[in-house]
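Please look at the structure below and ask, for each term used about it, what the term rests on. The questions that follow take a few such terms in turn.

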Amino acid sequence: MSAPDDRTAIAEALRTDGVVFPRGVLGPEAHELARALAEEAPSDDLQELVDGTAEAHWPELRGAIEGAIRRAAGTAEGSRLAALEHAAALAAQTSPDNPLARSLAVRAAQELSTARRRAVDVIVAAEGPMTVGGPAGMVAGAKAAGAAAVELLDLDPEDFATEITAYVGAIGDEPDDDPDSDALSEYARATGDSELRVAARIAVRSLQGALSEAVTEALVPVLAGGAPEDPAEDAVWVGAALALSEQAIERALVEEALDGGTNGSR
């Protein structure tokens with residue numbers, strides 16, 4: 001059996017859990033690369049942005065990625081084992097100028113580019129309510145920005161299951177579209193750590209070049225300044241928290257319907 005080359009080893013590594021630059025930690029370099037990929041920028045520009053993205057994230061994530069590959073290799077056999085061992089050797093390189101780091105940068109940017117398109121669609125769909133102005137426009141803008149942040153940071157309701165359950169239990173028949181409600185305030189505070197909220201604002205701001213002037217203007221009061229100290233006063237995070245709870249409820253309804261269909265067919 002011939003030794004695997006870099007391409008084969010990297011392909012196998014990319015199919016391994018934990019071998020990823022998580023969307024939630026991606027910085028401005030990755031967002032710029034995602035935009036450049038979507039715009040089909042010149043190859044030289046792309047290469048420079050790939051280098052910048054790998055350099056920004058490889059030093060911090062390299063150890064975890066190498067660990068994930070070695071764990072997978074521990075249960076692998078044959079050609080897969082050989083490929084993962086080769087990939088582990090690449091992951092052991094501290095320099096970001098290696099093919100695995102660069103491949104991870106490209107894949108992260110490709111996935112981010114897709115997420116950016118979805119996020120833009122979410123915001124554009126709310127253009128009408130957002131541009132009416134006043135408190136109603138602010139609420140619509142916060143919801144749209146928050147839903148976009150959920151897409152861009154790849155947030156999963158399951159990671160906030162305890163907090164969402166408490167929030168849904170607290171609101172009962174209370175409408176969940178009032179950003180000033182006590183239940184929503186407590187929910188936002190329970191979920192909105194400062195780093196996550198800063199990342200959410202940066203991610204949504206990165207979309208502004210892809211939005212119309214009217215939508216960008218409507219988002220100004222939502223995105224103005226830094227993230228407030230109190231998560232309950234952070235319009236972007238309140239919107240994200242609402243989006244996460246809505247996704248969790250939708251999933252629960254789908255699962256209930258599927259369970260009902262399964263039980264009914266027996």
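**Terms and their grounds**

From the N terminus on, the elements of this chain run α-α-α-α-α-α-α-α-α-α-α-α, and the model in which they appear is a predicted one.

Q: How do you know how many helices and how many strands there are in the chain?
A: A helix is a DSSP run of at least four residues and a strand a run of at least two; on that count the chain has 12 helices and 0 strands.

Q: What makes a residue count as buried, and what share of the chain does so?
A: Buried means under 20% relative accessible area, and 42% of the 266 residues of the chain count as such.

Q: Which residues of helix 8 are called buried?
A: Helix 8 spans residues 161-171, and in it I164, Y167 and I171 are buried, which means that each has a relative accessible area under 20%.

Q: Why are these three said to lie on the same side of helix 8?
A: They cover an arc of only 65° around the axis, and therefore they are on the same side of helix 8.

Q: Which residues on the other side of helix 8 are called exposed?
A: On that other side T162, T165, G169 and A170 are exposed, a word that requires over 50% relative accessible area.

Q: What phi does G172 take, just after helix 8?
A: G172 takes a positive phi, with a value of about 50°.

Technical notes. Residues numbered from 1 in each chain as written. Predicted model: local features only at pLDDT ≥ 70, side-chain atom pairs only at ≥ 80, totals over all residues. Heavy atoms only, no water. Buried < 20%, exposed > 50% of the residue type's maximum accessible area, 1.4 Å probe, protein only. Arc of directions from axis to C-beta.
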